[in-house]
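The following exercises ask the reader to examine a structure and then to follow a worked solution. Please look at the sequence and the model before reading on.

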Amino acid sequence: METAAEHERILREIESTDTNCIGPTLRSVYDGQEHGLFMDKLDVRIRNHDREIEKMCNHHFQGFVDSITELLKVRGEAQKLKSQVTETNRRLQDDGKDLMGSMEELKQCRVQQRNIATTVDKLTHCLPVLEMYSRLQEQMRAKRYYPALLTLEQLEQTCLPRAGQYRFCSIMAENIPRLRTQIRDTAMTQLRDFLESIRKHSDKIGETAIKQAQLQRSLDSSVSTQPRALIGRRGREVSALTGTDGGGAGGQGGSPVSEQDSGILDAGDDEEGEEVPGAQELVDFSPVYRCLHIYTVLGLREAFENYYRKQRRKQARLVLQPHSNMHETLEGYRRYFNQIVGFFVVEDHVLHTTQGLVNRAYVEELWELALSKIVAALRTHSSYCDDPDLVLDLKNLIVLFADTLQGYGFPVSQLFDMLLEMRDQYGEILLKRWNVTFRQVLDQDNYSPIPVSTEQEYRHYTSQFPQQDPELEKLPFPKKLPFSEFVPKVYCQLKEFIYACLKYSEDLHLSSTEVDDMIRKSTNLLLTRTLSHCLHYAIKKKNVGLAELVQLIINTTHLEQSCHFLEEFISNITNVPPDTANATKLYGTSTFKDARHAAEAEIYTSLNAKIDQFLQLADYDWLAAVQGGGTLTASDYLVDLIAFLKSTFSVFTNLPGKVAQTACMSACKHISTCLMQLLLDPDVRQISLGALHQLNADVRECEGFARAGPVAGFQGDTLLLAFSDLRQLMQGARIFQGKESEGMMEDEDGKR
């Protein structure tokens, strides 16, 4: 039973399985022992299927026969159709040959049209690349590097990606880094050339800026009602920002207007009457702007800023280093200032026309460094100067230098503080010059009253010196002024000194009170130190005569009286009333008074020395016999002495009364003392009556001179009192001589 069931299963599997897969099934039959039974079973199954097929065929046979019959009928019709189709095909083939040719041509045209469209499309993307590359080459040849860099940027980022992968595009892409490096290096080279150029021409830039500031000062002083014109950068900031001054760095869409490579534009000498060009107008800043733009596009702006600032700091150190012989001429100082002004004018312009290349902190740092070095250099070099004119010119140059930089916004208070320090040095140099001047005036003076023969000459001297003497004015010409040439010359020199001090105080932004105080203090130094020393030098020098000393006293008296005119003169030029609180007073009165007292003392000393010279000629014969008959005359030396005194005191008429009286009294006392010393000399052992008579005659001569009143102002016999001691001594000697033996008088030291 199991075998039959297995055979049944195998048969079903064979019936239902694809013939390609019955191999394993049949193998299982042949591997078994009952394949004979299986074969019998298979034959039975085949016969059953044959019977079913036969039944089915019998059922459909009539339909099959009908179909064959119909097919035979269709066969004839098909043959006809075939013939028609063949004929139609032949005719279609014949007729379609031309069409096929046209279709082939149309196909080729379509292919060409497609290729043309593709080519046009590709060229549409490639032509802008080629045009832009051509423009790039043209810009490179024209050295318009900033537009070239923008073109390069657009070519790389926009045009080349659209063009596709072509060999020329690859070559262009490979050249872009090289071109970018070339543009960067060329821009840096131009910047270096610019920096070198402005370093060489900074003095020209500074000179122009200073001229412009000087012109502005002149305009401000002459036309104070007109609006102050903009100078320096203020007059050109608008043009710089709008790109009319070498191209502003503020714009991002274009290159600088100027494409010149030189940093300094050509500027000829200004003709008289033409407007002075602005300092920035001399400089082409396009290399700076161009390089800044290029480095900004390249993403290297910070590196460029650091490089620019580093190079400018180095240049600042060179500019601030003065020449060793700068102090010798004003031109040395001017060149030094021009270079500094030129440097900071450039930096100020770059500050206001670029976006952050330099900032305010950087410029202020540079200026603080420069200011300290400038002040130190000026202090050192100005200390070598001994010419007041050069110091004054230097001061004016420093003021102009400070005003120029102040116009650009730089603080300059330290420079004005230094000028106030230089004021003391200037004063000392003036004192040295006026010391020489005063000595020359004193040495060249003739110490004689000034003769004037015409009204014009009189007005000439009175215009130089404030002489106010109504009695003198009433006198007819010719007449004499009481003082010598020394007085108007000294007075004029005092005013010149005051003017010199005033010139230095100009433009220092000082108040009128400060100027007045400065002038008064300097004038006091001139009076108390310089003029006082010169007067004492004139009084104490050798070979000065009594007439000169007398004239010196007269001169100093008039100068002393003119001191209040000097006070008024200073007040008039400073517009400060002399009675202002805390105002410094002039010491001229005390100076001239001290000089006059010194001259008076020198007169007394010189007069006594002259008297001693005459008395040295005294040669008394102390043992002389009494002369018989006639009146004894005074000794020759004494007669000459009295004549000298008379002529001398006649010159004293213009001296103050007390001076002449004191001199006369001093001379008489000195004569009396010297004669007493002769009489009481220890070497004189004996004195005869004849000698006493001669000495008595000399004393009478002296007393006669005293009674004659050689100098007015003595009351009664006041001047005789100078000889009273001598007269008493003579009377005592005569009395003693009468009691002793005639002709001899023993004179012992102990008894005397």
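**Exercise 1. Describe the surroundings of Asp612.**

Step 1. Asp612 belongs to helix 20; helices (H or I, at least four residues) and strands (E, at least two) are DSSP runs, numbered from the N terminus.

Step 2. The relative accessible area of Asp612 is 29%, so the residue is partly exposed. The classes are buried under 20%, exposed over 50% and partly exposed in between, with a 1.4 Å probe and protein chains only.

Step 3. Apart from neighbours within four places in sequence, Asp612 is in contact (heavy atoms within 4.5 Å) with His670 and Cys674.

Step 4. Asp612 and Ile671 stand 59 residues apart in sequence, while their C-alpha atoms are 8.4 Å apart in space.

A note on the basis of these values: this is a predicted model, in which local features need pLDDT of at least 70 and side-chain atom pairs count only at pLDDT 80 or more, while totals for chains, interfaces and linings use all residues. Residues are numbered from 1 along each chain as its sequence is written, and side-chain values use heavy atoms, with hydrogens and water left out.

**Exercise 2. Determine how helix 18 and helix 20 are arranged.**

Step 1. Helix 18 covers residues 546-561 and helix 20 covers residues 588-615; their axes come within 9 Å and cross at roughly 165 degrees. Axes are lines fitted to C-alpha atoms, for helices over the stretch in contact, and angles run from 0 to 180 degrees between N-to-C directions.

Step 2. The two helices, helix 18 and helix 20, are therefore roughly antiparallel. Angles under 35 degrees count as roughly parallel, over 145 as roughly antiparallel, 65 to 115 as roughly perpendicular and the rest as oblique.

Step 3. From helix 18 the contact includes Leu546, Leu549, Val550 and Ile553, and from helix 20 it includes Phe592, Ala595, Ala599 and Ile603.

Step 4. By residue type, the contact of helix 18 with helix 20 comprises ten nonpolar, four polar and five charged residues. Here Ala, Val, Leu, Ile, Met, Phe, Trp, Tyr, Cys and Pro count as nonpolar, Asp, Glu, Lys and Arg as charged, and the others, Gly among them, as polar.

**Exercise 3. Is His558 buried or exposed, and which residues does His558 contact?**

Step 1. His558 is part of helix 18.

Step 2. With a relative accessible area of 15%, His558 is buried.

Step 3. Leaving aside neighbours within four places in sequence, His558 is in contact with Phe465, Gln467, Pro482 and Phe483.

**Exercise 4. Analyse the packing of helix 21 with helix 23, then the place of Gly690.**

Step 1. Helix 21 (residues 636-651) packs with helix 23 (residues 689-707) at an angle of about 10 degrees, and their axes are 10 Å apart. Helix 21 is therefore roughly parallel to helix 23.

Step 2. Tyr637, Leu638, Ile642, Leu645, Lys646 and Phe649 of helix 21 meet Asp698, Glu701, Cys702 and Phe705 of helix 23. The contact of helix 21 with helix 23 holds seven nonpolar, no polar and three charged residues.

Step 3. Gly690 also lies in helix 23, and Gly690 counts as buried at 8% relative accessibility.

Step 4. Beyond neighbours within four places in sequence, Gly690 is in contact with Ala624, Ala625 and Val626. Gly690 and Ala624 are 66 residues apart along the chain, and their C-alpha atoms are separated by 5.2 Å.

**Exercise 5. How many helices and strands does the chain have, and what share of the residues is buried?**

Step 1. The chain has 24 helices and two strands.

Step 2. Of the 752 residues in the chain, 41% are buried.
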